[in-house]
Amino acid sequence: SEFLARQVQRQTNQRPLCLRPHSLYAYRDGGRYLPDTAHPRILLGRMAGWARNSAGAFVRLVEAFAEDMLRPGPLRLVFLGLNRPSSDTVAGLSRPFGYHELRRFRGAVYFPWDMGMLLFSELYSIGVPLFLPDRAWISSIIKRMLEYTDFGWWQARAEGSAVSLAPDSGRLWPWFSENSTMQEILELYDLTDF
């Protein structure tokens, strides 16, 4: 991503040729997109980091909407990291999974929680249609995570990043903090692959 390229450039004074993970192994090991049409499923990314304790309420809200909007029909929403009994419209996926299984999802709703996420590039490489929160929603999610949690966006937090600049280098890095403005958040977010 552009964000990672700029981090390397700040540390080394040289711009890297390529830092974007293409996740070609996911394609090689799992094959191309081959959605399950008999039992269609939509993958929903992890939410616990940004939704925290309200993640369960969000799942129940989505489930209530799904009962009205997805019925009759076989479509099921599968929440990554959710461990609860399945219903007709909602299931969880908390066990390890492979690329062969990922390619069978009809689509994925992805909630980024850091600057570079391999699952995103893996789904993209396989060809699974991806849906992301719009800029207003994601910037709001990021802002709340920065203000109220120590979870996520570690690559862009000064206290959690592996990027180190010598204190006397005179070079600043625009880290996220709980005081970041929405404009600052969006400027860094625009450097991601999302």
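Trainee: In this predicted model, what makes Arg41, Ile42, Leu43 and Leu44 of strand S1 "buried"?

Mentor: The cut-off is under 20% relative accessible area. Every residue of S1 (residues 41-44) is buried, so each falls under that value. Arg41 and Leu43 point one way, Ile42 and Leu44 the other.

Trainee: Why are S1 and S2 called paired?

Mentor: Pairing needs at least two bridges. S1 and S2 (residues 76-80) have four, so they pair. The two strands run parallel. Within S2, arginine 76 is the bridge partner of arginine 41.

Trainee: How do you know that S1 also pairs with S4?

Mentor: Three bridges join S1 to S4 (residues 107-109). At least two are required, so this is a pair. These strands are parallel too. Isoleucine 42 has glycine 107 as its bridge partner in S4.

Trainee: What makes Leu43 a member of the largest nonpolar core?

Mentor: A core member is a buried residue of a listed nonpolar type, joined through side-chain atoms within 4.5 Å. Leu43 is buried, and leucine is on the list. Leu43 is also among the five residues that touch the most other members of this 33-residue core. The others are Leu123, Ile142, Trp153 and Phe176.

Trainee: Which helix gives the most to this core?

Mentor: H7, with five residues.

Trainee: Which residues does leucine 43 touch?

Mentor: Among them are Val78, Leu80, Leu93, Phe105, Val109 and Leu123, with residues up to four places away in sequence left out.

Trainee: Where does Ile42 belong?

Mentor: Ile42 sits in a second, separate core of 13 residues, which also includes Ala51, Ala55 and Leu82.

Methods. Residues numbered from 1 in each chain as written. Predicted model: local features only at pLDDT ≥ 70, side-chain atom pairs only at ≥ 80, totals over all residues. Heavy atoms only, no water. Buried < 20%, exposed > 50% of the residue type's maximum accessible area, 1.4 Å probe, protein only. Contact = heavy atoms within 4.5 Å.
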